[in-house]
Amino acid sequence: MANITKKVSWSSRGDDSARGEATPLLNGAEEVRYTRQQSGGSIFHIGRLSTVELDEEITSEEDSLRRRSLPKEIPHNEKLLSLKFESLDYDNIENQLFLEEERRMSHMGFRCLEISRWVICGLIGVLTGLIACFIDIVVEELAGMKYRIIKENIEKYTEVGGLSISLLLWAVLNSALVMVGGIIVAFFEPIAAGSGIPQIKCYLNGVKIPRVVRLKTLVVKVCGVICSVAGGLAVGKEGPMIHSGAVVAAGVSQGRSTSLKKDFKIFEYFRRDTEKRDFVSAGAAAGVSAAFGAPVGGVLFSLEEGASFWNQMLTWRIFFASMISTFTLNFFLSIYNGQTGNLSYPGLINFGRFESDTLSYNLYEIPLFIVMGAIGGFLGALFNILNYWLTIFRIRYVHRPCLQVMEAMLVAAVTATVSFTMIYFSDDCQPLGQDQTQEDYPLQLFCADGEYNSMASAFFNTPERSVRSLFHNPPGSYNPVTLGVFTLTYFFLACWTYGLAVSAGVFIPSLLIGAAWGRLFGILLAYLPSGTQIWADPGKYALVGAAAQLGGIVRMTLSLTVILVEATGNVTYGLPIMLVLMTSKIVGDYFAEGLYDIHIKLQSVPFLHWEAPATSHWLTAREVMSSPVTCLSRVEKVGTIVDTLSNTSTNHNGFPVVIQDAASDEPGKVCGLILRSQLIVLLKHKVFVERARSRLSQRKLQLKDFRDAYPRFPPIQSIHVSQDERQCMMDLSEFMNPTPYTVPQETSLPRVFKLFRALGLRHLLVVDSENRVVGLVTRKDLARYHLGKHGLEELQLAQT
């Protein structure tokens, strides 16, 4: 075995205990060279293997405690990069076993695989649609029951006095539902909190987030989102659908459930990261499609939000999954609504039809729409900044599960109290006419007979219905004061709610806030002189405001335009929506990042953007790589391999295989790369040279043995190797990847970045002019460089 150190003057290493702790910030080339001389850069663990992935029973509780109770790290969180996250192996390991299998396969075999991919995508679509349907029906029934009970109670006490009992009842019902949702998330599966979109973005980017695509996560996600939406929180059920679709895809494509320990012996070929990640992008698209009834928007979401590698057939398959998903939801909801076959329920959120003749717009309104986009960008940035500080406070002080549940219950009670207070003090009464049929729970309260309280129609409803009424209720349905007060309160409630330990999305609250201030904007325009006819319908301003607010918070552009155009069923508004989203993104980016990017950064995930930082051309592979590299010989002693894998201080995940020249002490020439997971499988099956010679091994190891161990490879501690076996030798020739990607050490950082990002690599070897390994580039080496306020900065690495 060879330990290779850099042969350059600035590579002298300090004390190993300081690894990853004292990486300086970089603000300029001169300073970099100087600081490198002082500290020699930071060695850090190449691809630290996450114990969370390996030993579920022991580590789930420890991990949640460790993840949540690290207050001392938090003040520096912006400048940290966690070492606990792994990369996915998107690149196929083309060893002899793989090539033999591919060569044995006939043309017909490849055709069958292609058919299997289509079948899996169809299954993903059907299951995602069914889950969406289940969530929708249960939420409708629970929320309906809750609102009917409260409505009867309020009407009873309006006449005789004692409305405080109604308030108490509302608060208790909300808190009880949210408590159930909070307990299952905080105590059973913390990764199911929030919308799950940041985690799926990371997964599609190539980061292995522990436990993110488990069956348990899906169950907790679905139950949690039902409780939080029915519990009256300022949340939506659309975001979690994307996560749910991704989990369904990850499970179906593997043809087995590791959680249930059930193997169906199908789709075994797809048990590797390359295939699984493609299917997860199809699942995420199917989730978007089921949530918004937007199949094309779903495909574009997967494309825009992360999938590194893309081809035409993948696009077509993902579109198929999305279309099947929206059709399944449509069909089953039509049965539920007693109109079998009437396919008018394409998504969980139905904006209703925007008819072209009633909602046309003029050319001179486009500048107004752009102004609304700027307002949306500014309000979105304000929302994100407030949520950022709130999240830091939560990580610092609210890290115990019981505190998280109590906070969720507090938010639920406060939401009910605020809603009740607003309805109580509102004197905005509207006539209950024929066109008010969409008000399912009209609340009279102190209004005259034949009238209903307008504020109640905004608060006393599921958020989706409130959005629809803001879009479609005729002019005059809302008082400007009602809308202003509602926007203000709902803005802060939604900001406080996002990040709680409950499953919840931010799409619908954003749309609702935007629709409220957009409608207010439209009403105020009518007060302009001679403006009565021109600005007749405030509904179109509600739509533009909703787009501006959502774009300002999440900063999606292409996919969001298409999603909103598909959801409204009217392409006429394509141009205004696109202009509004572009404006809101430009204005919002000036002040703060998008909400999902902020949460990814707060979790210290090594996320790779599309391009390397703009000013990084002067950095080379030699300066960013990790070294020294732990290498193995082509035929290596078993004891050496076991010691290397057991060494906790260097928990590497990939090992270059070198041909060592016995005569010299020079580093060996690279001849391949082998992964920790492969070595563990080889040790488990005791693939030793001596056993092969003495014919002790019953059969030759096949690719199936590696696939059966995927994705939860056993930890090295669980594999017993006797003292005699430690003296044996292991031949790695057949199992290593003999053609790993390599770059010369003078390669510029952007070039290294492009190669790494486009091919979805996990390890990139850095070699000298004679093909000797001098270092290794992993995801963390590239992700730690980013553009800060003072130019190029280098993030610190931490064992969080």
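**Strands, a helix and two pockets**

Let's start with a pair of strands: β16, residues 764–767, and β17 run antiparallel and are joined by 4 bridges. Keep in mind as you look around that this is a predicted model. Within the pair, you can find Leu764 opposite Val777 of β17. The two strands belong to an open sheet of 3 strands with mixed pairing, ordered β15-β16-β17. At its edges stand β15 (742–744) and β17 (773–777), and each has a single partner strand, so one side of each lacks a neighbour in the sheet. On average, neighbouring strands here are turned by 30° against each other, with direction ignored. As you follow any strand, a general point may help: in a regular strand the side chains alternate between the two faces of the sheet.

Now to a helix, α29, which spans residues 749–759. Which of its residues are buried? They are Leu749, Pro750, Val752, Phe753, Phe756 and Arg757. Because these residues cover an arc of only 155° around the axis, they lie on the same side of α29. Arg751 and Lys754 are on the other side of the helix, and both are exposed. After α29 comes Gly760, with a positive phi near 65°.

Further along, β18 (785–788) pairs with β19, residues 791–794, in the antiparallel sense over 4 bridges. Together β18 and β19 make a hairpin, with 2 residues between the strands. In this pairing, His786 stands opposite Glu793 of β19.

His786 is also a good way into the largest pocket, as this residue is among those nearest the pocket's centre, along with Glu593, Asp597, Lys601 and His609. The largest pocket holds about 1500 Å³ of space, and 50 residues line it. Where does the lining come from? At least two residues each are supplied by β2 (80–82), α7 (197–205), α13 (366–397), α21 (574–591), α22 (595–602), α29, α30 (779–783) and β18. Both the helix and the hairpin strand we just visited, α29 and β18, are therefore in that list of contributors. The element that gives the most is α22, with 5 residues. By character, the lining divides into 25 nonpolar, 10 polar and 15 charged residues.

The second largest pocket has a volume of about 590 Å³. Of its 32 lining residues, Val213, Arg214, Leu215, Ala250 and Gly251 are the closest to the centre. Contributors of at least two residues each are α5 (107–160), α8, α9 (238–252), β5 (256–257) and α10 (273–292). Which of them gives the most? That is α9, with 5 residues. The lining of this pocket is made up of 17 nonpolar, 6 polar and 9 charged residues.

We can finish in the loop that leads into α8. Pro210 lies in this loop, between β4 (207–208) and α8 (215–230). Is Pro210 buried or exposed? Its relative accessibility is 8%, so Pro210 counts as buried, the limit for that class being under 20%. For a sense of its surroundings, take Ile191, which is 19 residues from Pro210 along the chain. The C-alpha atoms of Pro210 and Ile191 are separated by 8.4 Å.

Methods. Residues numbered from 1 in each chain as written. Predicted model: local features only at pLDDT ≥ 70, side-chain atom pairs only at ≥ 80, totals over all residues. Heavy atoms only, no water. Buried < 20%, exposed > 50% of the residue type's maximum accessible area, 1.4 Å probe, protein only. 1 Å grid on protein atoms, 1.4 Å probe; cavity = no way out; pocket = protein on both sides within 12 Å on 5 of 7 lines; lining within 4 Å. Points joined across faces, edges and corners; volume = space filled by probe spheres on them. Nonpolar A, V, L, I, M, F, W, Y, C, P; charged D, E, K, R; others polar. Arc of directions from axis to C-beta. Pairing = 2+ DSSP bridges. Axes fitted to C-alpha atoms, helices over the stretch in contact; angles between N-to-C directions.
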